Every structure is written in C-alpha cells, then in structure tokens.
Amino acid sequence: MGDPLTPSDFVEAVAGFATGVVVLTVRDGRDDLGTTVTSFMSVSLEPPMVLAGVASSSYLAEVLSRTDRWAATVLGAGQRALAGRFAAEGRPSARLLLASEPHHRGEASGALIPDSGVTALECETRQRIEAGDHTLFTAEVLTTDYVARDQKPLIRVNRRYLGGE
C-alpha cells in the first residue's frame with residue numbers, strides 16, 4: 001500500500017481523466033452568475049436528469065441553494081477563451097463575460113445562454129447533496145435550448161483545454 005493520499009496527489013491522480021467543459025449560469029434577481037464546471041454528467045433518461053458539482057464555498061453554490069432553475073451550456077472546441085473567462089477568480093457578472101458573445105436568456109430558466117456550443121440545457125434542481133468541499137446539484141432537464149450536432153466538444157485533461165480555436 002502507498003502513503004496516505006494528499007490533496008495534491010488526488011489532483012494529480014484525476015487530472016488525466018478527460019471531461020467535457022460546461023458553463024453553468026443562473027439568474028439571481030437583477031444579476032447573472034456563471035462558472036465553468038467539469039463535474040457535469042447525465043444521470044437519468046426518464047426523467048432526463050443531470051448532475052453538476054459546484055464548490056460549496058462559492059457564491060454560486062449559495063445562489064443555487066435558493067434558486068432552482070439554471071442553464072448548462074456544453075462548450076464547443078472553439079470556446080476555450082469563454083471557458084477561461086468563466087473559470088477566472090473574481091470574475092464579474094455573467095452579462096459582462098458574455099458581452100462579446102452572442103447569447104440569449106433561456107425561457108425556462110431565465111439564465112443567460114451562449115448562442116453557440118454543443119448544447120444548452122435548462123434545468124431545475126431536484127436534489128442537493130453535500131459531498132466534501134462541493135455540492136452536487138441533481139436537476140431535471142426542462143428543455144434543450146439547442147443541439148449543434150456538427151460541433152466538437154471542448155475537453156479538459158491534464159489541467160488543459162483541448163480543442164482548436
């Protein structure tokens with residue numbers, strides 16, 4: 001058996017696991033928030049459900065604990081810059097982050113949704129699960145805003161985004 005697992009060892013161990021990249025957005029009264037997440041997956045076909053992991057200490061997790069509807073946009077290979085903007089520390093409102101990108105407000109969630117990506121889903125939280133330093137939001141997919149079958153997804157692996165711009 002090896003030595004006890006440290007946080008940096010764990011990060012290194014899972015860094016090689018390739019994941020899709022999603023921008024999660026939510027409307028909070030007069031403001032719009034968003035972040036890049038790589039902890040996102042489908043969990044059920046009937047009803048259609050997804051799961052998103054968000055750092056419990058984040059303001060976004062606080063907003064999602066009181067606001068049930070949100071949007072998840074699966075980013076395309078050419079959206080590395082957008083993923084980086086939404087992942088930056090101290091990022092401004094999602095409205096500012098999307099100011100140079102075509103976007104719209106989702107009808108079901110009220111959240112801002114980039115017009116381009118692989119797909120955009122509008123979701124409603126059904127369950128919140130505390131899991132270590134993250135909160136898992138299990139949500140029913142209310143509607144698929146769009147699907148761009150010709151888009152290749154943006155992938156994150158070994159702490160880097162893979163996909164051409």
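The paragraphs below lead from the interior of this structure to its surface. The model is predicted, and the residue names that follow can be located in it one at a time.

In soluble globular proteins, nonpolar side chains tend to be buried together. Here the largest nonpolar core has 21 residues, and those that touch the most other members are V26, V50, V54, L60, L64, W70 and C123. Two or more residues of this core come from each of the elements β2 (22-28), β3 (31-37), β5 (49-55), α2 (59-66), β6 (69-74), β9 (119-131) and β10 (134-147), and the largest share, four residues, is given by α2. L60 offers a way to follow these connections, since, with its neighbours within four places in sequence left aside, L60 is in contact with L24, V26, L33, T35 and V54. Another core, of 12 residues, lies apart from the one that L60 belongs to, and among its residues are L82, F86, L98 and Y161.

A residue of another kind can be examined next. T25 has its place in strand β2, and T25 counts as buried because its relative accessibility is 1%. A polar atom of the T25 side chain lies 2.6 Å from the backbone oxygen of L112. Apart from neighbours within four places in sequence, the residues in contact with T25 are L33, G34, W70, A71, F86, A111 and L112.

On the surface, L5, F10 and V14 form a nonpolar patch, and together they have about 300 Å² of accessible area. L5 is found in the segment before α1 (7-15), and L5 counts as exposed because its relative accessible area is 59%, where exposed means over 50%.

Methods. Residues are numbered from 1 along each chain as its sequence is written. This is a predicted model: local features need pLDDT of at least 70, side-chain atom pairs count only at pLDDT 80 or more; totals for chains, interfaces and linings use all residues. Side-chain values use heavy atoms; hydrogens and water are left out. Patches are made of residues with over 30% relative accessible area and no salt bridge: like charges are joined within 9 Å, nonpolar side chains (Val, Leu, Ile, Met, Phe, Trp, Tyr) within 5 Å. Accessible areas come from the Shrake-Rupley method with a 1.4 Å probe; for residues, only the protein chains shown count as cover. A salt bridge is a side-chain nitrogen of Lys or Arg within 4 Å of a carboxyl oxygen of Asp or Glu. Buried means under 20% relative accessible area, exposed over 50%, partly exposed in between (1.4 Å probe, protein chains only). A nonpolar core is a set of buried Ala, Val, Leu, Ile, Met, Phe, Trp, Tyr and Cys residues joined through side-chain atoms within 4.5 Å. Contact means heavy atoms within 4.5 Å. A polar contact is a pair of N or O atoms within 3.5 Å; within protein, one must be able to donate a hydrogen and the other to accept it, and residues adjacent in sequence count only if both atoms are side-chain atoms.
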